[in-house]
Amino acid sequence: MRNLILLIALVLIAAAALMWIRYVPATAPEPVLFSPVQVDAFSDPGTLTDAWADIDGDGDPDRFVGFNGSPARMYRNDGVEGFTDVAAAAGLAVERSVRTAAWGDFDSDGDPDLLLGYAGDAPVTALFRNDGPDGFIDVAAEVGLRLDEGSTRQASWIDYDGDGDLDLFLALRDRENRLYRNDSGSGSPSFTDVTEASGIGDTRRSVGAVWLDVDRDGDFDVVTANMNGDANGLWLNDGGSFRDGAAGTAIEGGGRGIGDDALGTVRTCAADVDRDGRFDIFFANYGPNDLARATEAGGWESVGAALGLAIDARYDTCAWGDFDNDGWLDLYVNGTVTGGTQYRDWLFRREGGESFIDVTPPALEVAADHGATWVDFDLDGDLDLALTGVADDGMHHLMQNLLKPEFAWHSLQVRVLDEEGRATRPGAEVRLYAAGTDELLGVGIVDTGSGYDAQSDLPVHFGLPGAQPVDVEVTVIANGTRNSGTVRGIDPADYRGRVLTIHIGLGGQVVR
């Protein structure tokens with residue numbers, strides 16, 4: 001009997017212990033800590049656009065910053081030695097109001113080139129070809145990309161016709177948007193204006209744009225952000241001809257409505273927010289922000305208010321990134337300066353895939369009002385934040401993420417190149433699965449338009465709690481097909497301090 005009583009007592013004690021363990025609160029998230037680096041170098045105000053690419057091929061990202069009339073900066077990333085402004089030596093110290101910056105290898109020679117858009121006098125575009133040790137040379141007039149009029153905004157390098165080279169889309173604030181086909185295949189690079197033939201010449205007041213395969217039919221479509229009360233656009237690609245399919249969808253008004261000249265959308269950002277394999281669209285607005293969730297039936301559902309993201313003010317930029325490496329995308333939104341008001345910035349953390357909460361730390365309470373880019377500049381595994389601000393008290397800070405190393409390394413970065421190692425795959429989709437399974441861990445897209453009127457040439461970053469081995473699937477979109485290739489059994493620990501690079505053909509064949 002004594003043994004039976006003892007057994008019952010032990011069972012009750014064990015049950016109580018299990019109940020206590022079950023109801024112990026979850027471990028608190030890591031504190032949100034950011035710290036500015038090279039403050040003296042990155043403190044000058046009057047900055048608009050910010051775009052990143054590895055210009056010297058040394059494996060780490062370099063930074064271009066466009067100013068509102070002061071000489072632009074080209075910061076070479078020298079690793080532990082910090083950043084060095086090489087704009088003058090490289091031929092990029094342009095003294096213009098730089099509204100647009102987009103990196104892309106337009107000539108398919110293996111290094112990134114830079115398209116710039118200016119405000120003011122002619123010309124309003126420049127295309128700086130990367131000539132390596134000889135610096136950058138403006139070849140816009142030579143290749144057919146010089147414009148003498150227009151208020152330039154988002155430029156996107158995108159292979160819209162699926163022939164393997166990069167074409168150029170340019171959103172304009174004051175006239176029809178433009179599309180230029182790259183006809184370099186037969187020899188020297190040259191571009192043909194196909195705006196009228198393609199039907200994409202929207203005359204609404206466009207500011208932002210992001211390209212992706214919206215309808216999953218094997219070609220690239222574009223969502224445009226329009227201002228002054230104009231409806232947003234959803235330009236669906238049908239064999240190189242475009243039609244606007246936004247009417248009646250959550251994309252049309254983007255959460256801020258249509259017809260009020262004081263309201264509009266500045267930035268559209270594509271991200272798989274709910275990790276269901278489909279890309280959703282966020283709208284940074286003058287007016288309430290919104291998130292259009294892509295439904296299984298192929299439609300769009302407005303969920304910004306339900307998720308706590310429909311903040312109502314004036315915003316210039318949205319930037320998605322998993323800054324805490326918990327496997328869920330977080331959101332940075334920066335407010336603009338207008339009418340004498342500096343609207344605040346927000347850092348929203350996704351909590352367990354359920355909701356977003358404001359975790360903006362004091363270090364990010366700065367006069368940022370235009371560019372915002374997530375980038376792992378120090379290759380330590382977590383995402384840092386680059387900001388710009390055009391106001392007199394603005395800046396172009398680079399904020400280092402101080403996530404603990406044991407969590408920072410729970411990540412993987414994937415760079416997608418073509419068979420020859422050239423960055424001609426913007427819009428390619430990257431999916432991570434738990435190794436040997438169909439469990440989807442994350443989805444990303446090679447940049448086609450980000451920050452403020454910018455396009456960076458950066459790897460796709462994934463947070464991977466536990467740093468488990470993964471299979472990496474890359475989907476390339478061209479000529480009415482979606483072809484995928486997979487690299488299996490990748491251990492993130494093997495890529496600490498470096499990027500997994502995948503070379504893939506238009507047919508989905510992984511070369512290496």
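What follows is a chat about a predicted model of a protein.

User: New to this one. What kind of model is it?
Analyst: It's a predicted model.

User: OK. How many helices and strands does the protein have?
Analyst: Six helices and 38 strands.

User: And what box do the C-alpha atoms fill?
Analyst: Roughly 100 × 55 × 55 Å, taken along the principal axes.

User: What about the radius of gyration?
Analyst: That's 23 Å. A compact globule with 512 residues would come out near 24 Å, so the value agrees with that.

User: How much of the protein counts as buried?
Analyst: 58% of the 512 residues do. As for the outside, the protein exposes about 19500 Å², and carbon and sulfur atoms supply 50% of that area.

User: What share of the contacts joins residues at least 24 apart?
Analyst: 54%, counting contacts between residues at least 6 apart in sequence.

User: Switching to charges. How many positive and negative ones are there?
Analyst: There are 37 positive and 87 negative charges. The mean positions of the two sets are 4 Å apart.

User: How many disulfides turn up?
Analyst: One, from a search of the whole structure. It joins Cys269 to Cys318, with 2.1 Å from S to S.

User: Where do those two cysteines sit?
Analyst: Cys269 is in strand E18, residues 264-271, and Cys318 is in strand E22, residues 312-321. They are 49 residues apart, so the pair links distant parts of the chain.

User: Which hand does the link have?
Analyst: The link of Cys269 and Cys318 is right-handed, with 100 degrees about the S-S bond.

User: Are they buried or exposed?
Analyst: Cys269 is buried, at 6% relative accessible area. Cys318 is buried too, at 2%.

User: Let's look at some loops. Where is Asn325?
Analyst: Asn325 is in the loop between E22, the strand that holds Cys318, and strand E23, residues 330-335. Its phi is near 55 degrees, a positive value in a residue other than glycine.

User: Why does Asn325 count as buried?
Analyst: Because its relative accessibility is 3%, and buried means under 20%.

User: What about Asn228, what's its phi?
Analyst: Near 55 degrees, again a positive value in a residue other than glycine. Asn228 lies in the loop between strand E15 (221-226) and strand E16 (233-238). Asn228 is buried as well, with a relative accessible area of 18%.

User: Which residues does the cis peptide bond join?
Analyst: Ala122 and Pro123, with omega at about -5 degrees. Pro123 sits in the loop between strand E7 (113-119) and strand E8 (125-130).

User: Now Ala72. Where's that?
Analyst: In the loop between strand E3 (62-67) and strand E4 (73-77). Ala72 is buried, at 2% relative accessibility.

User: What does Ala72 touch?
Analyst: Leaving out residues up to four places away in sequence, its contacts include Phe64, Val65, Phe67, Leu92 and Val94.

User: How far apart are the C-alpha atoms of Ala72 and Val359?
Analyst: 32 Å, with the two residues 287 apart along the chain.

User: One last residue: where's Asp54?
Analyst: Asp54 is in the loop between strand E2 (47-53) and E3. Setting aside residues up to four places away in sequence, Asp54 touches Gly59, Asp60, Pro61, Asp62, Pro112 and Asp457.

User: And how far is it from Asp54 to Ser302, C-alpha to C-alpha?
Analyst: They are separated by 37 Å, and the two residues are 248 apart along the chain.

Key: Residues numbered from 1 in each chain as written. Predicted model: local features only at pLDDT ≥ 70, side-chain atom pairs only at ≥ 80, totals over all residues. Heavy atoms only, no water. Helix = DSSP H or I, 4+ residues; strand = E, 2+ residues; numbered from the N terminus. Rg over C-alpha atoms; globule rule 2.2 N^0.38 Å. Buried < 20%, exposed > 50% of the residue type's maximum accessible area, 1.4 Å probe, protein only. Contact = heavy atoms within 4.5 Å. Areas by Shrake-Rupley, 256 points an atom, 1.4 Å probe, with all protein chains shown as cover. Lys, Arg positive; Asp, Glu negative; His and termini not counted. Charge placed at Lys NZ, Arg CZ, Asp CG, Glu CD. Disulfide = S-S within 2.5 Å.
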